[in-house]
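Me: I am new to reading models like this one. Please walk me through some of the terms, one at a time.

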Amino acid sequence: MLEPIPFLDLQPGYQVAQSAIDAALLRVAGSGWFLLGQELAAFEAAWALHCGTAHAAGVANGLDALHLGLLALGVGPGDEVIVPSNTYIATWLAVSQCGATPVPVEPDALSFNLDATRIQAAITPRTKVVLPVHLYGQPADMDAIHAVARQHGLAVLDDCAQAHGARYKGRAVGGLADLSAWSFYPGKNLGAMGDGGAVSGGDAALLERVKVLRNYGSRIKYHNEVKGFNSRLDEIQAAVLSAKLPHLEAATAQRRVIAAQLLDGLAGADLVLPQVPTWADPAWHLFVIRHPGRDALQARLAALGVGTLIHYPVPPHLQPAYAELGHAAGDFPVAEAMHREVLSLPLWPGMSEAQVARVIAAVKASV
Ligand SMILES: *Cc1c(COP(=O)(O)O)cnc(C)c1O
């Protein structure tokens with residue numbers, strides 16, 4: 001029996017930057033300074049540069065990046081925020097944490113991302129923000145989304161948690177909206193050694209508001225302007241992220257090579273492959289196929305030693321957590337069909353050609 005292929009292996013991402021990461025950990029340990037110091041400031045500057053924008057603010061995790069970003073845009077109780085019906089539930093939870101209501105809009109069936117042509121019908125006088133997600137690392141159609149938002153005077157905050165290194169019409173994701181929210185959860189394309197997140201954007205005043213909110217609503221110690229939160233990206237995580245950032249471009253390039261091999265090797269097989277719009281340079285956080293017999297396919301692949309995951313098995317509107325909104329099965333059929341059929345194949349930087357070939361052979365033998 002061959003060695004099983006895991007869904008994800010984070011070891012190569014450490015090994016490729018090991019000397020810089022180890023030095024970063026020791027540097028912080030020896031500095032005696034663990035929060036809101038020069039490691040954070042250095043990472044924020046590097047991350048803003050990577051995003052092709054002016055500012056970034058580190059926060060404790062991706063959910064907080066979305067939450068504090070929405071608060072900075074003025075979202076509060078009684079407001080509505082347009083969200084995709086097909087996303088990880090964190091996108092919706094951030095809206096709820098503001099006391100606002102997530103209003104789902106169906107994705108485009110091919111791209112999995114928010115369908116801009118359906119946004120208009122979901123807008124009400126209470127709508128404040130449109131919150132697209134670059135799901136699976138595929139950039140959403142931001143120009144079309146901005147056109148609708150502008151027409152109705154709405155802000156745009158994008159959930160970039162799966163899109164480190166993605167490009168839209170040649171421009172880096174992270175500088176394409178009023179604010180952009182990032183997660184550095186360990187399994188993301190740029191992952192910390194624990195939780196981490198950031199907000200990026202070009203508006204200095206908005207980013208300053210996020211920095212005040214993340215630190216108890218305080219700019220000057222013990223002087224509190226607003227009711228804030230404790231949501232800081234600590235110095236250890238900031239130093240680790242700075243050590244890993246120089247390797248992100250090469251890691252993204254490797255993901256693109258592996259995705260191309262999977263697309264090529266699986267062409268013609270009886271399944272739906274990811275579709276890439278001409279203007280998109282995906283980050284390939286996930287390689288998601290669709291198959292009507294998804295559960296049986298996943299079981300056959302497991303028997304062949306190929307790890308897979310489902311992103312995601314239950315859409316947010318059908319989760320018990322959102323029973324209060326009164327959505328029923330059938331309300332968002334495009335998203336529901338996706339949740340029944342999607343399966344994520346193994347893909348990580350450092351995955352060997354032999355492993356990719358085995359995944360292709362196993363999928364072809366199982367569909
Ligand atoms: C991971 C993720 C989040 C949340 O990030 P955390 O750092 O885990 O809080 C939000 N949205 C999407 C789409 C994600 O994939």
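Me: Why is Gly 170 called exposed?
Reply: Gly 170 has a relative accessible area of 51%. Exposed means over 50%, with buried under 20% and partly exposed in between (1.4 Å probe, protein chains only). So Gly 170 counts as exposed.

Me: What kind of model is this, and how are residues numbered?
Reply: This is a predicted model: local features need pLDDT of at least 70, side-chain atom pairs count only at pLDDT 80 or more, and totals for chains, interfaces and linings use all residues. Residues are numbered from 1 along each chain as its sequence is written, and side-chain values use heavy atoms, without hydrogens and water.

Me: Where is Gly 170 placed?
Reply: Gly 170 is in the loop between strand 6 (167-168) and strand 7 (171-172). Strands are DSSP runs of E, at least two residues, numbered from the N terminus; helices are runs of H or I, at least four.

Me: Which domains does the protein have?
Reply: There are domain 1 (11-245) and domain 2 (247-366). Their bounds come from an automatic or database domain assignment. The contact (heavy atoms within 4.5 Å) takes 44 residues from domain 1 and 38 from domain 2.

Me: How many salt bridges does the rule find across the interface of domain 1 and domain 2?
Reply: Zero. The rule asks for a side-chain nitrogen of Lys or Arg within 4 Å of a carboxyl oxygen of Asp or Glu. So no pair across this interface passes the rule.

Me: How much area do domain 1 and domain 2 bury between them?
Reply: About 3400 Å², 64% of it on carbon and sulfur atoms. Buried area is the accessible area (1.4 Å probe) that two parts lose on being put together, summed over both.
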